[in-house]
Structure formats: structure tokens, C-alpha cells
Amino acid sequence: MSAQNVTVTVDQNVTLKEFFKQIESQTDFKFAFTDKVDTNQKYFTKKSTYKQIEIEKLISELNKNASVQFSIVGQNIFVKQKSQSARPAKKKSKLTGQILDDTRQPVIGANVYIKELEVGAITDINGKYSIEIPNGDYTVSVSYIGFKNHEKKVTVSEDTRINFNIDSDSQELEQVIVTGNKAVDIKTTQMSVNRLSMQEIKRIPVAMGEPDPLKSILTLPGVTNAGEASSGFNVRGGAADQNLILLDGAPVYNDSHMFGFFSVFNADIVNGLDLYKGGIPSKFGGRVSSVLDVTQQTGDFENFKVNGGIGVISSRLLVQGPLQKDKGSFIVSGRTSYAHLFLKLADNKNSAMFYDFNAKFNYRFNANNTLTFSGYLGNDVFDINDRFSSKYGNTMGILSWKHKFSDRLNSNLSTFYSDYKFNLGLSTENFEWDSNIQNYGLKYGWNYQKSEKFKINYGIEGLYYNFNPGTVQPTSIDSQFNYKQLDKKYALETSAYLDFENQITEKLNFRYGLRYSMFYRLGSEAISTYENGQSVVYNPLYKIYEEGTPTGSVYYGKGKKISSFDNFEPRAALSYAFNDNTSVKASYNRMAQYIHILSNTQSPLPMSIWTPSGPFTKPQLLDQYAMGYFKNFRDNDYSFEGELFYKNVQNRIDYIDGADILANNNIEQVILNGKARSYGMELLFRKNTGIFTGWISYTLSRAEQKTPGRTPEEPGIANGDWYLSGYDKMHNLSIVGSYEFSPKWSFNGNFTLQSGQPVTYANGYYEFGGIHVPNYSLRNENRLPLFHHLDVAATYTPKPDKKKGWQSYWVFSIYNIYNRKNAASMSFTTNEDTGANETRRLSIFGIVPGVSYNFKF
């Protein structure tokens, strides 16, 4: 806005009010001034005419001669009396504190503004702020969209801490969907990150009518998945196992219930989520595609509250309240499905259900010490005709101690445990298979704010892994299977990081850092050796890859080092703000990933096995470059983000044709090492305020892999050329809208359109023993049909003005309203009746209506 040109004339006879009119008639700027400024007075000392001058230059010129001081803050021009030069400089002190909402939750991104000084700060992820100001009497104003403005007179004579509780603006909330400032943060160096609040997530229609944090991120640019009812998600052409998923800082290894119908995150207790796609800060590591950082709410420190919902196939309940008023709080929530009960009533022997439980406890010992525990427990149970059964689930717990050494230095020490288990039973074969991955971790991070313009984040981490790829047990004496324990694997990953945030000038910000990671594959384990050192060999006669010939093994005792790797992972990000509304940003990051999922499906299944890097599997290494243009419009009512990215991944594994992964004790016999790359453009346009809000996201991208032969005689995969990865979606469009029709009714919609998933089709048939056998084209040379659907929802609140006691609302939704039969897969078979060759499309969903009743008290 400050780049606008104006023409003005001032002299000794022009009052300040007349000057205001000249500026406001030509621009969108508004004037603000203190009580000490009389707008009817004449503050200009000489006559000057300025023709088509930029606002910034005009303000600079006027400040040389006028007896008042002008300054630009956003869309406002502030006016105050010039200080007298003879006045001695005042001693400065720190004004700090925390902003909480009416449910005692930290308010992230609230504006704290000192009126007399025209300076301010924005609260961090814990709702805390810090401003260094001269000693004196001031008016502190706290504002945040969706809440009432709060002002307070304060006296600062030494370092002072003042907390604020701000109340929801019920009238505004009835008309405005935004609960946080969704405008682009122009000056911060952070780019390639998307944030969604739970209010936004709950308004995005999904299948079965249940709000789903994980499904909501699919509406963001650069994010896709393998299709309907599929688990995992893909970011900028990356695989699902390349995403680091954190719940309150602890890793989660499986993200779905019911094979992808629901995510493991309960929308009631989740506070919000941040998805880092690039420019990832040094404190994160271990994956090469993205970081999904999910945080749970903090329980209410003052009042007991209950809320929940009853849906078509699942229900949920949440309870929160004080453990000790103003010092300790708890929040617990649970969900369960009951589709299996309806199946039993219908005399159906199949069964499918899930349940999960979340909890978080906080205790404030004093202003400098807080102890927090977060936990999660979730399980799925499947039973099909008493022949096939499966159980799988996550268990997670993290204990954190936050300590404030001073106003400039604070720390967070965390220890956590995470476990993912999978069980498969086949009664027809009389055996069970169990596998799991356990993870123990310790993190210690420090944040040091040397000044408002220079901050340092640093820390150390350690993670110990226990991999059990499978235990096979017979369940009867008739079983054809004997007891078998696949080789357990152990590993230790350690790292240290250092990150600097530096405001070089008012317009230029720079963040740079380094992460150093080390990984040790440990015994006890026997490592196979192979003829000619090749675990995979090429058969030139049949032109296929085959398993190598084992020649023996080398045994490593408990705790002995089998393999070790280490990597420096530099990170850098730069932003340049042209003005308060427009900026460009660029970033680079290198990341290392030492663990991998063994799965040759595009969507990871619950039985997918995690394995560590080792003698035959090198760690994946990513180099990602990104640059973008960011702009806010019309007082932040609209915002635009545009980014270009390029990713290169070394040591990406792929599988030989016909690879057998399940219960394979020597997985190195079916994998080849290659590389991957992806590049593209992401666009995001948002309408942030008003009775109609929403966003349009579009991604144009390409994701490819290359697995060349190891010798000139070997073809590799797809003749050693670049081929589409299973995660390539050239076009990805999402349109999300929400309309507040009245205090009682709101309407929401979501349209998704994506290129079909790359697949390998049959390009011919041959006959063998009277059977038609399809012959397939090169890897991922074809695509499934175009994927698209439109979802709508309506929210009805019977008593919108009721703010106490029992409050409720209904959500009516329709997923895929025009009944699009999107292809989940294509199969090539022979018709048993006619003998003709057929191609069959498998679709998961047609139109799916849903309804849920939600309440709180």
C-alpha cells in the first residue's frame, strides 16, 4: 500500500485535518494519532508541493520539517509529537506476558500493541509476547480476529509481566468464520507451510460426516493421497513414509483407522496443525518430504466442560477441567465406532470397529516451570467371516518440562515413547503374524532471544528404534506353518541442531541453520552375505531380476555396530518485504531419512513394515529448493501465495517386478536403489474475512523416479529412464468455501479434482496352458481416470445465542453429491462366462450422506 503515489500541498496555514483529507481522498490509508496531537493546529513550517510522490518518500520529507512525527504501520499513518532532543533517554525494560482466550487456551498470533510508542509484537505458539520499551505509562491494546479488543493501562518501571484474557466476540463469530488471522505473514522467512485451525477443519465436508484433520490437508496445495479410503498422504510428489507425523512432539507411525476411512486424530481435542512442505526448520529431521506437526488442546484451568458428538458410525466425547484451579488442568477425549453392532443385527459375520483415547495434563509449578503429559491410544479390529482377522494400533506418550531461565532464554525437555503394532490372523491357515515398531526418544531444545531482531534455537535429540518385522505363530497342530521369528532390527539415531533468525533490515530477514544427524544400525542380528556381493542379480536369459544367492552370514552381537551413517543437513531461508503487504521468499534445505516403509502399494497398508538403513539400504537424502511470492489485499481480507519448488532425493528404493515383501527376512533380495525428483508450482488464494470465506488451491507438478541398471547390460526399471512415481498428480485443484447464511445456518462445500494416479496397464495378452495371461507395459506408463468429487455440508445451530448450559448443533453432509465413481484400481481378468478379456474398475465410494449431532455444556 505504501507504494501508492499522491499529490499534496502543505504550508504554514494548512491544518493537520486538512492534510489528512488530501491523503485519504487519494489512498486507502487512515490516520491515527494520540490525544496530545490537535488536528486543528498547523504543524507545517514551510510551503511545499509534492507531485505524484510515493507515500514513504512523502512521510520521510515531512518528518524533516513538521513538528510532528509521521510513521506508517500497515494501512495506518500514525502521528505523534516529536520528542525533545534535550530529554535524556529513558531506561528500557521488558514487557512480557501471555494471551489466553475465554477457554484458557493460548492465543497464537494475537497482536499486542503499545499505543503511545506505536510498536507491537505477535504472540508465539504458546500465546506469549515480549516487547522491550522505555519505562513509562502506556496503553496496551490486544486484538485478534473473532475476539473483543482489550485495552489496559500499564506502568513499566522494571521488567514487567502482564497476562491478558480476551473474550470471544459472539456477534462477530456469528458472522465471521475466521478464528485466526489467515493473512500471509509477509516478513517471516518461513515459507511452504500451511496452517489450519480446528474451526476450519470442522467445516470441510468429508465421507461419513466426521471432521477429519488429516483429510483436511488434502485441500491444500501440493498435498494428495492414493485415492478414496486410502491411508497416508503425499507431499510434493513424496511417498507417505517420507512424512514425519508428530502429535505434541512425539512421532506417530500409522495415521489411519479402518484402512483409511478415518484418521487417528480426533478433531475435538486437536488444537490445530502445521504442515511444513519446504523450508523446514533445523529442529525437524528424520524425513525427506514433510513435517505434519499436530498439537492437542490444553485443558481449561478454571471450569469443567464437556462436549461430544454422535455420528452415523461413530461417536466421541471430551471432558476437560482444572486439576487445581489456575495451576493444573486435564483434557481427555475418546471415540468409538459401532458399525460392527449393525452388522451383527443384520446377521452379518463381518466386523469392523475402531476406538481411540487422547489425554493431556498440565501443571504450572510457577511462572517459570510447567510440566505436561500427552498420551494417545488407538486400535482397530477387523474380522471377516471368522476367517480373516486383523488388529493394529498406535500407543504414544510424551512428558515435557518447560523451563524459563529468563525473559530471553527458555527450554523444553521431553521424553517420549511410541509404539505401532499390527496383528494378522488367518483361521483357514491356522496361523497369526505379529509385527511392530517401538521408539524411545529424548529431546532437549532451547530458545534464546538476544534481541527483537536476533533469535537462536538449538537442541539435541536421541531416538532408539526396536523393529520387529514379524513373528509367525501356528494356532493349531493342523497348521502348515511353524513358529518363525524374522530378524529383529535395532537402531539409534542422534542429532543436534542450531538455527538462527536474523532481521537484517526492516525489509530483509534471514534464517539459517544446520542439523547434524548420526544413525547406527545395531545388533543383535545376522546379516546375510551373497555371491559376488549382490543381493539382487540380473538374469539376461529371461531379462528379469532375481534374488541373489546367499553364501552365509555375519553375526553381530547385542549393541554391536552393523552400519553407521552421518549427514550434515544445512537449512536456509530468506524473505524480502517490498512493503507491509508484499514479499518474496526463498529457501533451501537438505534432510536425511534413515528408516523406510517396505510396501509396493501406493497407499501404505497397516501391515506395511518399517525397516532401518543398513548394509544394503542407504539413507535417503533430500535437497529441496523453493521460492515464492506472497501478498495480502484489502486490509488482509484476501491473500495470495505462489511457490515454485524442486526436490531431488538420493537412494530412493524401488522393487523388482514380482517382489515378495510380506514376511521376507531378506528384503534386500527384492529392492534396487535409485533416485527420485519432483518439481512444480503451487498457488493458494484465500478469502479470509466476511460471511463468505474459503480458498482455492492449485498445483501443477511432476514426480518421477529413476532406477538405472548397475552395469551396462542391466536395464534397471523402465529401461533405466525416468518414469512416473506412484505419487505423481500433474494437476491438483481444490476449492473450499464456507457461507454464514444466518446465525442458525451455515453452508460449506469442497470440490476436488486431480489427475489420475499413475498405474501399469496390460498392453496385450498371451495364452499359457489355456489361460489368458496379461502382458504389462513399462512401470507407471498409464493413468487411472480423472479423479473428482463435490462435497457439501450444512450446519444447523438451534439456539445460537445460548452461551451457557447445554449447547448443540447438527451437521448434515453429502460426500460426492453427484455420485462420481472414481477408480481406486483397474484389474485385468478373463470373463468366466464368455472367456473374453476384461478390464474392471474398482470404486470405493459413490454418494455418501452423513449426519452428526454435536453438543457441549
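In this predicted model, Ser411 is found in strand 29, which covers residues 409-426. The relative accessibility of Ser411 is 4%, so this serine counts as buried, the limit being under 20%. Once residues up to four places away in sequence are set aside, the partners that Ser411 touches are Trp401, Lys402, His403, Phe405, Tyr444, Gly445 and Trp446. Two tryptophans, Trp401 and Trp446, are thus among the residues in touch with Ser411.

A second residue worth a visit is Gln754, placed in strand 49 (residues 745-754). Gln754 counts as buried because its relative accessibility is 4%, which falls under the 20% limit. The side chain of Gln754 is joined to that of Lys729 by a polar contact of 2.9 Å. Lys729 also appears in the wider list of contacts of Gln754, drawn up without neighbours within four places in sequence. The other residues in that list are Thr224, Asn225, His731, Asn732, Leu786 and Phe787.

Thr39, by comparison, has its place in a loop, between strand 2 (30-33) and strand 3 (48-54). This threonine has a relative accessible area of 12% and is therefore buried. Leaving out residues up to four places away in sequence, Thr39 touches Thr15, Leu16, Lys17, Phe20 and Phe33. Val79 lies 40 residues from Thr39 along the chain, and the C-alpha atoms of the two are separated by 9.8 Å.

Stepping back to the protein chain as a whole, the secondary structure consists of six helices and 58 strands. The chain has 857 residues, and a compact globule with that number would have a radius of gyration near 29 Å; the value for the chain is 30 Å, so the two agree. Along the principal axes, the C-alpha atoms fill a box of roughly 105 × 60 × 55 Å. Among contacts between residues at least 6 apart in sequence, 65% join residues at least 24 apart.

Burial and surface can be described for the chain too. Of the 857 residues, 53% count as buried, and Ser411, Gln754 and Thr39 are buried as well. The accessible surface of the chain comes to about 38,400 Å², and carbon and sulfur atoms account for 54% of this area. As for charge, the chain carries 92 positive and 85 negative side chains. The centres of these two sets of side chains lie 7 Å apart.

Notes: Residues are numbered from 1 along each chain as its sequence is written. This is a predicted model: local features need pLDDT of at least 70, side-chain atom pairs count only at pLDDT 80 or more; totals for chains, interfaces and linings use all residues. Side-chain values use heavy atoms; hydrogens and water are left out. Helices (H or I, at least four residues) and strands (E, at least two) are DSSP runs, numbered from the N terminus. Buried means under 20% relative accessible area, exposed over 50%, partly exposed in between (1.4 Å probe, protein chains only). A polar contact is a pair of N or O atoms within 3.5 Å; within protein, one must be able to donate a hydrogen and the other to accept it, and residues adjacent in sequence count only if both atoms are side-chain atoms. Contact means heavy atoms within 4.5 Å. The radius of gyration is taken over C-alpha atoms; the globule rule is 2.2 Å times the number of residues to the power 0.38. Accessible areas come from the Shrake-Rupley method with a 1.4 Å probe; for residues, only the protein chains shown count as cover. Lys and Arg count as positive and Asp and Glu as negative; His and the chain ends are not counted. The place of a charge is taken as NZ of Lys, CZ of Arg, CG of Asp or CD of Glu.
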